[in-house]
Amino acid sequence: MDQLKEKIRQAAVDARNTKPLVGSVTNTITNTFVANAQLAVGGSAAMVFVPDESESLARAGNAFYINVGGIFPVYAETLPAVVRTLKETGKPWVLDPVAVGIGSLRTSVLSLFKDFKPTIIRGNASEIIALAGLWELGESGASHVRGVDSVDPVSAARSAAVALARWTGGAVAVSGATDLVTDGTSVVLSHGGSHFMEKITGAGCSLGGVAAVYAAVADPFVAALTATAIYNHAGRRAGSLAAGPGSFNMHFLDELYKASADDISNNPFDIEEATK
Amino acid sequence: MDQLKEKIRQAAVDARNTKPLVGSVTNTITNTFVANAQLAVGGSAAMVFVPDESESLARAGNAFYINVGGIFPVYAETLPAVVRTLKETGKPWVLDPVAVGIGSLRTSVLSLFKDFKPTIIRGNASEIIALAGLWELGESGASHVRGVDSVDPVSAARSAAVALARWTGGAVAVSGATDLVTDGTSVVLSHGGSHFMEKITGAGCSLGGVAAVYAAVADPFVAALTATAIYNHAGRRAGSLAAGPGSFNMHFLDELYKASADDISNNPFDIEEATK
Amino acid sequence: MDQLKEKIRQAAVDARNTKPLVGSVTNTITNTFVANAQLAVGGSAAMVFVPDESESLARAGNAFYINVGGIFPVYAETLPAVVRTLKETGKPWVLDPVAVGIGSLRTSVLSLFKDFKPTIIRGNASEIIALAGLWELGESGASHVRGVDSVDPVSAARSAAVALARWTGGAVAVSGATDLVTDGTSVVLSHGGSHFMEKITGAGCSLGGVAAVYAAVADPFVAALTATAIYNHAGRRAGSLAAGPGSFNMHFLDELYKASADDISNNPFDIEEATK
C-alpha cells in the first residue's frame, strides 16, 4: 500500500509539472466542467467533435478521453476514427460509457470499443454492469440504467468491473458513495467525496477527464486511483464548505486546484484481492 | 388560494421524494445550468440530441423538456420523433419556444407542436406573443422577438398566454419582472426574482426544465406555479446575497436546493380571472 | 493616450446604455461563459449553429462573434453564410481562430475568412502566428499550436498581429501574460489579468465575445482595447479575491459586471509605434 501511495503522489506531481495535453470527444452538457477540472489538476484540455480533428488531437495529445453522453450523429464517424488512431499510436485513453443502452448509435460505438480495450473505464455502477453485459463478459448480472444516474450500489458492480479490467488489461473505476477501482487483480475501495456530487451535473464525466490527465503520466491503475483520490479529497473538502450545489461546484474546482500531492496520496483507501 | 398553495407545497415535496427522471432535448448554451437546476429541486436530469435516444428517454422518463434554443440539423428528425412518443405515452412535457421566428427549422418544429399540445409552455413575453401568432390563436398582437431577450412587458403577453393555455388545455408561464402563469381560466401573477436573472444566461431555460420536474408530479397549472414560485423565491434570496452575476449564479443554485416546501408555497402571488 | 482612454471610457458607457445584440456561432465548451461575460458588460447574447438562423442573427444584431473551437459539420455551411451576410450588411464581427490547423474544415473556413476581413481578430500568440501564416502575410514565423493553449509568448506574435491588422484594416488582440492590441499603426501593451485565467476554460473565447459587444459601439481598435482593458481589470481584481479557479470564475463575472467606465479606461497600458 505504501508503494501504491508513493505512485499516486508521483502521478499527482507529474501531472502538474508536465501539463499533459488531453483531447476529448465528450458531451456538451458537462464539457465546461470537464475542461475546468482537467485544468485544475494540471492538464491542458481540448475538445473536438469531427473526425479529422479528433485524429489530429489523438496524435498530438498525451492521452484521450471519450465520453458518449449527449452524442451527435457525427460521432458515428468520429469515434471509430479516434479509437483507431489511439490504438495505432498506443496512446492511453479513458472511456465513460454514459447511459449505455439508450440508443443504437451509443450501443454500436460501445460495442466497437470492446476490441480497442480502453486504458481506463470510468462509470457508475449501472453503467459498468451494463457495459460488461454488452461485451458479454461473464455473469455480470442485470443492469438498471435509468437515464444517467445509477440505480445500483457500487458493490453490485464489483464482478463486472473486475471482468472488464481483466478483458482490457487496464483499470476500471466505479463511482458511488464509496468508489471502487480495480486492475483485475486488486480492488481498491476509496473513501471521501460528498453527497453534493450527485447534485451537480458532471461529477462523473469530469472524473473520467481527470483520469485521462493522470493516464498521460502513470500506469492505468495508478491513474484511476489518483483521479479517484483527488475527487474523494476535493469532494470531502468542498462538501464541508458548501451551502448547496452551486457553492459546492465552486469549492470543488478550488479544492482540485489546491490539493497537494500529499493530500491526494493520503486520501484513505482499502485494498483487497480481486476474487471475482 | 389556500388550496392552490397546498398543491404547490405538495408538488415541491413530491419532486424531492420521488426524484422524477426528466429527459431533455435542449440547447448547449444553457444545458449545464438546466441540469443543475433540475437536480437542485430534486429531479434526475438527462439530455440527448439524436432521435432514438430521445424516444427511449421519453418512454423511460416521467416528463420531458424541449427547448429549441441553439438547434442543430438533427433536431429536424429528433423533435418530431420525441413529440410523437410523448403523445403516444401520454407523458407531460414542457416547451420553451426560444427565439421563435429566427429560422425555418425552428418555425417548422414549433408549427408542428401545435397539434401535440405541450403540457406547459414557458417563454418570455415576446416568445409567447410570437408563438400564439404562429399558431394563429386569436388577436395576439405583434411580437417583438430580438435575439433571445424579450422586448415586451409580461402584461402584453397576457391574452396570448391565455389563448395558448385554452388551446393546449395545459398551462403557460410568462417570465419577466412579475411572472404570469395561466391555465386559461385563472391568471396568477407571481412576485420575486432578481434583476440579476437577466444578467445570467439560462434563467429562463432552466425554469422550463424545472417546470418539467414538477410536471412529473403535479397537474400542469400547479407544476408551472411551483416552478415559478421556487424561481421567484430563490432569485429573491440569491439577489440579496450576490455581488454580481457570477455570485448570483452560485447562490441561486444553492437557494433552489435549500428552498423548503413552505418557502415555495408561501412565495407571494395574486390570482385573477382570465378574462381574455 | 488621453484621447484613447476617453474613447475606451465612452465605449464602456455605450455598451451598458445601448445593450447591443451580439449573435455568435461559437463552441459548446465555453458558450455559457461567453454569454455570461457578454451580459455582464452590458450586451445581449444569442448563439446559433445553423445557416439561416446565423444569417437572421447577423442581420438583426449589432455585431457578431465567430469562434471556430469545437466545430460541427454544419459549420461548413453556416460560417460561409454568416460571413457573406456580415459583409453585405457591413456589420462588425470578431474572429477567434481557436486551434487553427487542427483539421481540414477549420482550415478551410479560416482560409475563406481572409477575404472577408474580420473587424477584430482575437487569439493567443500561437493562433495569431498560425493565422498570419495561413493567410501568407509576410514572414510571420513558425507557429506552435498545441491543442488550444499557446506555446509562444505574446511578443513572438507581434509582427504577425501587425500584418493581420494591416491586411484587415481592423484590429488584432493577442492574449497572454501581457496583452497586445494593434491596429497596424500602433501597438498597445495592456497590463493586468491573473494567472488563474489560464486555469479556467473560456477566458480567451469570452474575451472575443466581449470584444464583439464593444465592436457594436466603437471602432475596431477601441473595441479591442476596451475588451482587453476590462479583462485585465476584472482579472486582476478577481485574482486577488480567488482561492482557486472555481472562485476566480465567479469573481471574474462579478468584476466584469461591477467594472465602471473609469476602472476600464484607467487600466494601465503602454502605446508604441507598430514598426513591423
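This tour goes through a predicted model, one selection at a time, starting with whole chains and ending with single residues.

**Chains A and B together**

Begin by selecting chain A and chain B and colouring them differently, and then look at the region where they meet. Here 30 residues of chain B are in contact with 28 residues of chain A, and the area buried between chain B and chain A comes to about 2,400 Å², with carbon and sulfur atoms giving 58% of that area. If you now pick out B:Leu39, B:Glu53 and B:Tyr257, you have the three residues that supply 23% of the area chain B buries against chain A, which is more than any other three residues supply.

Keep B:Glu53 selected and add A:Arg106, for these two residues form a salt bridge in which the closest N and O atoms are 2.6 Å apart. The count of salt bridges between chain B and chain A is one, while the count of residue pairs in polar contact between these chains, with both residues at pLDDT 80 or more, is ten.

Which elements of chain B supply at least two residues each to the side that touches chain A? Select α2 (31–40), β2 (44–47), α3 (51–60) and α10 (245–258) of chain B, since each of these supplies at least two residues of that side. Of the elements, α2(B) gives the most, with six residues. When the residues on the side of chain B that touches chain A are sorted by class, they divide into 17 nonpolar, eight polar and five charged.

**How the copies are related**

Next, show chain A and chain B as simple ribbons, and consider how one could be laid upon the other. A rotation of 120° with 0.0 Å of shift along its axis superposes chain B on chain A, with an RMSD of 0.0 Å, and the two copies are thus related as by a three-fold rotation axis. To find a place by the axis, select B:Thr28, whose C-alpha is the one in chain B nearest the axis, at 3.5 Å from it.

It is worth asking through which surfaces, different or not, the copies meet. Only 10% of the interface residues of chain B are also interface residues in chain A, so the copies meet through different surfaces.

**Chains B and C together**

Now hide chain A, bring chain C into view and look at its contact with chain B, which takes 30 residues from chain C and 28 residues from chain B. Between them, chain C and chain B bury about 2,400 Å², of which 58% lies on carbon and sulfur atoms. Selecting C:Leu39, C:Glu53 and C:Tyr257 highlights residues that supply 23% of the area chain C buries against chain B, more than any other three residues.

Zoom in on C:Glu53 and B:Arg106, where the two side chains meet in a salt bridge with a distance of 2.6 Å from N to O. On the side of chain C that touches chain B, the elements giving two or more residues are α2 (31–40), β2 (44–47), α3 (51–60) and α10 (245–258) of chain C, and α2(C) gives the most, with six residues.

Here too a rotation can be described: one of 120°, with 0.0 Å of shift along its axis, superposes chain C on chain B with an RMSD of 0.0 Å. In chain C, the C-alpha nearest the axis belongs to C:Thr28, at 3.4 Å from it.

**C:Arg106, a residue in contact with another chain**

Bring chain A back and select C:Arg106, which is found in helix α5 (residues 104–112) of chain C. Is C:Arg106 buried or exposed? With a relative accessible area of 1%, C:Arg106 is buried. The side chain of C:Arg106 reaches the backbone oxygen of C:Val98 at 2.9 Å. Leaving aside neighbours within four places in sequence, C:Arg106 is in contact with residues of chain A and chain C, among them A:Val48, A:Glu53, C:Val68 and C:Ile71.

**C:Thr226, the last stop**

Finally, select C:Thr226, which lies in helix α9 (residues 220–241) of chain C. C:Thr226 counts as buried, because its relative accessibility is 0%. The side chain of C:Thr226 reaches the backbone oxygen of C:Val222 at 2.6 Å. Apart from neighbours within four places in sequence, C:Thr226 is in contact with C:Ile8, C:Ala11, C:Ala12, C:Tyr214 and C:Ile264, and displaying these residues around C:Thr226 completes the tour.

Conventions:
Residues are numbered from 1 along each chain as its sequence is written. Chains are lettered from A and ligands numbered from 1 in the order in which they are written. This is a predicted model: local features need pLDDT of at least 70, side-chain atom pairs count only at pLDDT 80 or more; totals for chains, interfaces and linings use all residues. Side-chain values use heavy atoms; hydrogens and water are left out. Contact means heavy atoms within 4.5 Å. Buried area is the accessible area (1.4 Å probe) that two parts lose on being put together, summed over both. A salt bridge is a side-chain nitrogen of Lys or Arg within 4 Å of a carboxyl oxygen of Asp or Glu. A polar contact is a pair of N or O atoms within 3.5 Å; within protein, one must be able to donate a hydrogen and the other to accept it, and residues adjacent in sequence count only if both atoms are side-chain atoms. Helices (H or I, at least four residues) and strands (E, at least two) are DSSP runs, numbered from the N terminus. Ala, Val, Leu, Ile, Met, Phe, Trp, Tyr, Cys and Pro count as nonpolar, Asp, Glu, Lys and Arg as charged, and the others, Gly among them, as polar. Copies are superposed by least squares on the C-alpha atoms of residues with pLDDT of at least 70 in both. Buried means under 20% relative accessible area, exposed over 50%, partly exposed in between (1.4 Å probe, protein chains only).
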